[in-house]
Amino acid sequence: MSLKIGIALGGGGARGIAHFGVLKVLEQGGISIDRISGTSIGALIGAMYAQNPDADLLIERFKQSLDEAFYAKLGIGYLKTNGARDGSFFHQATQNIKRQIVLNIAQSRRALIKEVRLRDVLLKFIEKGDIENTKIPLSIVATSLHTGGDVVFKNGDIINAVAASCSIPGFLPPVNVKDDLLADGGVSCPVPVKVLAGMGADITIGVEICMRRYHPLENLNIIEILARSEMITSQKLAGMMVGTADVAICPDTKDIFWSEFSRADELIEAGMEGARERLGEIREAIRKKTPWYKRIFTP
């Protein structure tokens, strides 16, 4: 029986486009992916690849959809760039709240954007169906707001699961599933490496796409300080999780905002470069876990 290779695709908004570049290089390097786990944008791209494992095809499909209609549908056009060089959602959302809605409205609403908008966008990329019927076994991770724990979807409606995993708190409303309230998987599990073991993966690859470069804080206030603190906490947690994989791929996503989908080409190239740097490690991990008698007859 051949070794099963699993890949965990982390969350990070638009920076997740780097996942396409990673998958493309793995294909080119002859590294076949047998298991996929995904969080947030990683759940979206993981679902796309699990249904149609062809990176070039998916890249073309994704890039064709990045037009003004995409931003209008999802409601992030006003967040693409607002002058502040802070890539966290918390910062972007709170700045928008300060500008566009008063405090009493913010307290009465569950989110800035309706869930139906997210589902409309997901249907542009993911085919309707059940998770258990994808070509590559897939797990999707969301976070329970009731318990704080991870909720892992391995079967059931794929659109519902990805919608739950992508429901960024404050921006998109949490999803009700079986008396639980689910939000973005990145809250509790930004890089779901641990899920791969339960899927039967022998070798694990983790892809972490946090923002790499911080800019000095300006105009210090409570919101700026809380936002930067949230970014640092998320990055440290993601770093710890990706470190548990046999091989960690951490593309240089620079200072790219979570909402800067317009920088797709740059992100894909970053993913490709990050994967190229780790191909040797992946092959070595495969060699080490291959039984000695198979190594003798394998070039």
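Me: What makes β3 and β6 count as two strands that pair?

Reply: In this predicted model, strand β3 (residues 138–144) is joined to β6 by 2 bridges, and the two run antiparallel. Two strands pair if at least two bridges are found between them, so the 2 bridges of β3 and β6 meet that requirement. As a place to look in the structure, T143 stands opposite A183 in β6.

Me: How do you know that β5 and β6 pair, and in which sense do they run?

Reply: Strand β5 (residues 175–177) is joined to β6 by 3 bridges, and since at least two are needed, β5 and β6 count as a pair. The two strands run antiparallel, and within β6 the bridge partner of V175 is L182.

Me: Why are both faces of strand β6 called covered?

Reply: Strand β6 covers residues 180–183, with D180 and L182 on one side and L181 and A183 on the other, and all of these residues are buried. Buried means under 20% relative accessible area, so each of these residues falls below that cut-off, and both faces are therefore called covered.

Me: Which residue of the hairpin of β5 and β6 takes a positive phi?

Reply: The hairpin has 2 residues between the strands, and K178 takes a positive phi near 50 degrees. D179, placed in the loop between β5 and β6, also has a positive phi, near 65 degrees, in a residue other than glycine. Such values are worth pointing out because most residues other than glycine have a negative phi.

Me: Is D179 called buried or exposed, and what value decides this?

Reply: The relative accessible area of D179 is 79%. Exposed means over 50%, so D179 is called exposed.

Me: Where is K254 found, and what makes its phi worth noting?

Reply: K254 is found in the loop between β8 and α11, and its phi is positive, at about 55 degrees, although K254 is not a glycine. Its relative accessibility is 29%, a value that lies between the 20% limit for buried and the 50% limit for exposed, so K254 counts as partly exposed.

Me: How do you know that β7 is largely enclosed by the rest of the structure?

Reply: The conclusion rests on a count, because 5 of the 5 residues of β7 are buried. On one side of the strand are I203, I205 and V207, on the other are T204 and G206, and with all of them buried both faces are covered.

Me: Which strands pair with β7, and in what sense?

Reply: Strand β1 is joined to β7 by 5 bridges, running parallel, and β8 pairs with β7 over 3 bridges, again in the parallel sense. Pairing requires at least two bridges, so both cases qualify. On the β1 side, the bridge partner of I5 in β7 is I203, while on the β8 side I205 stands opposite V247.

Me: Why is L3 called partly exposed?

Reply: L3 has a relative accessible area of 23%, which is not under 20% and not over 50%, so the name partly exposed applies. L3 lies in the segment before β1 (5–9), and, leaving out residues up to four places away in sequence, L3 touches D34, D202, I203, I286, K289 and T290. The C-alpha atoms of L3 and G200 are separated by 9.5 Å, although these residues are 197 residues apart along the chain.

Me: How do you know that the span of helix α11 agrees with its number of residues?

Reply: Helix α11 (residues 264–276) has 13 residues, and the expected span is 1.5 Å times one less than that number, so it should span 18 Å. The end C-alpha atoms of α11 are 18 Å apart, which agrees with the expectation.

Me: Which elements do the buried residues of α11 pack against?

Reply: They pack against α1 (18–28), α3 (55–65), β8 (247–249) and α12 (279–289). Among the buried residues of α11 are L267, I268 and M272.

Me: Which residues make the nonpolar surface patch, and why can L217 belong to a patch?

Reply: The patch, of about 270 Å², is made by L217, L220 and I225. L217 is found in the loop between β7 (203–207) and α10 (222–242). Patch residues need over 30% relative accessible area, and L217 has 32%, so L217 passes this cut-off while still counting as partly exposed.

Conventions. Residues are numbered from 1 along each chain as its sequence is written. This is a predicted model: local features need pLDDT of at least 70, side-chain atom pairs count only at pLDDT 80 or more; totals for chains, interfaces and linings use all residues. Side-chain values use heavy atoms; hydrogens and water are left out. Patches are made of residues with over 30% relative accessible area and no salt bridge: like charges are joined within 9 Å, nonpolar side chains (Val, Leu, Ile, Met, Phe, Trp, Tyr) within 5 Å. Accessible areas come from the Shrake-Rupley method with a 1.4 Å probe; for residues, only the protein chains shown count as cover. A salt bridge is a side-chain nitrogen of Lys or Arg within 4 Å of a carboxyl oxygen of Asp or Glu. Helices (H or I, at least four residues) and strands (E, at least two) are DSSP runs, numbered from the N terminus. Buried means under 20% relative accessible area, exposed over 50%, partly exposed in between (1.4 Å probe, protein chains only). Contact means heavy atoms within 4.5 Å.
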